[in-house]
Amino acid sequence: EQSTISLQLNTNMFAAEGFVIAEATVVPDKFEILGDDMQVLNMKVDSGEKVMVLPGSMAYMSSDLKSDVNCESPCKRCLGGNPCILNTYVTSASDQYIGISAPLPAKILPFDLAALNGKTVRCKSGTYLAHYGNVSMNYNVDCCSMTCCFGGQGCIRQAMSGDGTAFLTAMGTIVKKSLSDG
């Protein structure tokens, strides 16, 4: 009973500061994120669509999906902390599905890059899981010795841009806070 009360107080403390605990996401007719701490991305794949996935992350798929590998821009991927080669899944049929799981117990976070109006998302190396649509994976260099040595991110970070949807992974409780300009 006492631990429940302290959890409630911590949640209220987050809310008072404008933070919200992130919950599983559903985009009807495209994808859903299932589970709590060890999540699975269940994605619908239509004719002509391509899904790119971290190698070894496919948990299940429809029999009409075809698997291949993508070797484009391997240096950019490796410098960003990802494998040089990604698995790709395509189909010529409609209403196919693929289940994608993170390599570690983690939450899966969708990023609709189109909503960012061409801005680049910088994230910790190795957090990429999958994407569909137009997503360009790159890297960002931070040469400031203070931030790269003491900030915990290193001097080379993963960067993504485009108008598709990217899925990243993170461990622990994920909190969100919307920031205003300034």
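## A pocket, two cores and four single residues

The second largest pocket of this predicted model has a lining of 14 residues, and those nearest its centre are E72, R77, V135, S136 and M137. Three elements each give two or more residues to that lining, namely strand β5 (50-53), helix α2 (74-79) and strand β13 (135-141). Among the contributors, β13 gives the most, with three residues. The space in this second largest pocket comes to about 210 Å³, and sorting its lining by class yields four nonpolar, six polar and four charged residues. As a general idea, empty space of this kind is revealed by rolling a probe the size of a water molecule over the atoms.

Seen as a whole, the protein contains three helices and 16 strands. It has 182 residues, of which 32% count as buried. If one takes the contacts in the protein with a separation of 6 or more, residues 24 or more positions apart account for 76% of them.

In soluble globular proteins, nonpolar side chains tend to be buried together. In this model the largest nonpolar core has 16 residues, and the members that touch the most others are F31, L41, M43, V51, I98, I100 and F167. Strands β3 (31-34), β4 (40-45), β5, β9 and β12 (128-132) each supply at least two residues of this core. Apart from it lies another core, made of eleven residues, including L113, V121, V135 and A166. V135 therefore appears in two descriptions, since this residue belongs to the eleven-residue core and is also one of those nearest the centre of the second largest pocket.

What is V51, a member of the largest core, in contact with once its neighbours within four places in sequence are left aside? The partners of V51 are M43, V45, N87, T88, Y89, I100, H131 and Y132, and of these M43 and I100 are also named among the core members that touch the most others.

Four single residues can now be set side by side.

| Residue | Place | Relative accessible area |
|---|---|---|
| M61 | strand β6 (residues 58-61) | 29% |
| T91 | loop between β8 (86-90) and β9 (96-101) | 7% |
| D95 | loop between β8 and β9 | 53% |
| N117 | loop between β10 (107-112) and β11 (121-123) | 69% |

M61 counts as partly exposed because its relative accessibility is 29%. Leaving aside its neighbours within four places in sequence, M61 is in contact with Y89, Y97 and I98. The C-alpha atom of M61 lies 9.9 Å from that of V45, a residue 16 places away along the chain.

Is T91 buried or exposed? T91 is buried, because its relative accessible area is 7%, a value under the 20% cut-off. A polar atom of the T91 side chain lies 3.2 Å from the backbone oxygen of D64. Beyond its neighbours within four places in sequence, T91 is in contact with V45, D46, S47, G48, E49, D64, L65 and Q96.

D95 sits in the loop between β8 and β9, and this residue is exposed because its relative accessible area is 53%, which is over the 50% cut-off. Although D95 is not a glycine, its phi is positive, at about 55°. N117, in the loop between β10 and β11, is likewise a residue other than glycine with a positive phi, here near 50°. N117 is exposed too, with a relative accessible area of 69%.

Key:
Residues are numbered from 1 along each chain as its sequence is written. This is a predicted model: local features need pLDDT of at least 70, side-chain atom pairs count only at pLDDT 80 or more; totals for chains, interfaces and linings use all residues. Side-chain values use heavy atoms; hydrogens and water are left out. On a 1 Å grid over the protein atoms alone, a cavity is a set of points where a 1.4 Å probe fits but cannot get out, and a pocket is an open set with protein on both sides within 12 Å along at least five of seven lines; lining residues have an atom within 4 Å of a point. Grid points are joined across faces, edges and corners, and a volume is the space filled by probe spheres set on the points. Helices (H or I, at least four residues) and strands (E, at least two) are DSSP runs, numbered from the N terminus. Ala, Val, Leu, Ile, Met, Phe, Trp, Tyr, Cys and Pro count as nonpolar, Asp, Glu, Lys and Arg as charged, and the others, Gly among them, as polar. Buried means under 20% relative accessible area, exposed over 50%, partly exposed in between (1.4 Å probe, protein chains only). Contact means heavy atoms within 4.5 Å. A polar contact is a pair of N or O atoms within 3.5 Å; within protein, one must be able to donate a hydrogen and the other to accept it, and residues adjacent in sequence count only if both atoms are side-chain atoms. A nonpolar core is a set of buried Ala, Val, Leu, Ile, Met, Phe, Trp, Tyr and Cys residues joined through side-chain atoms within 4.5 Å.
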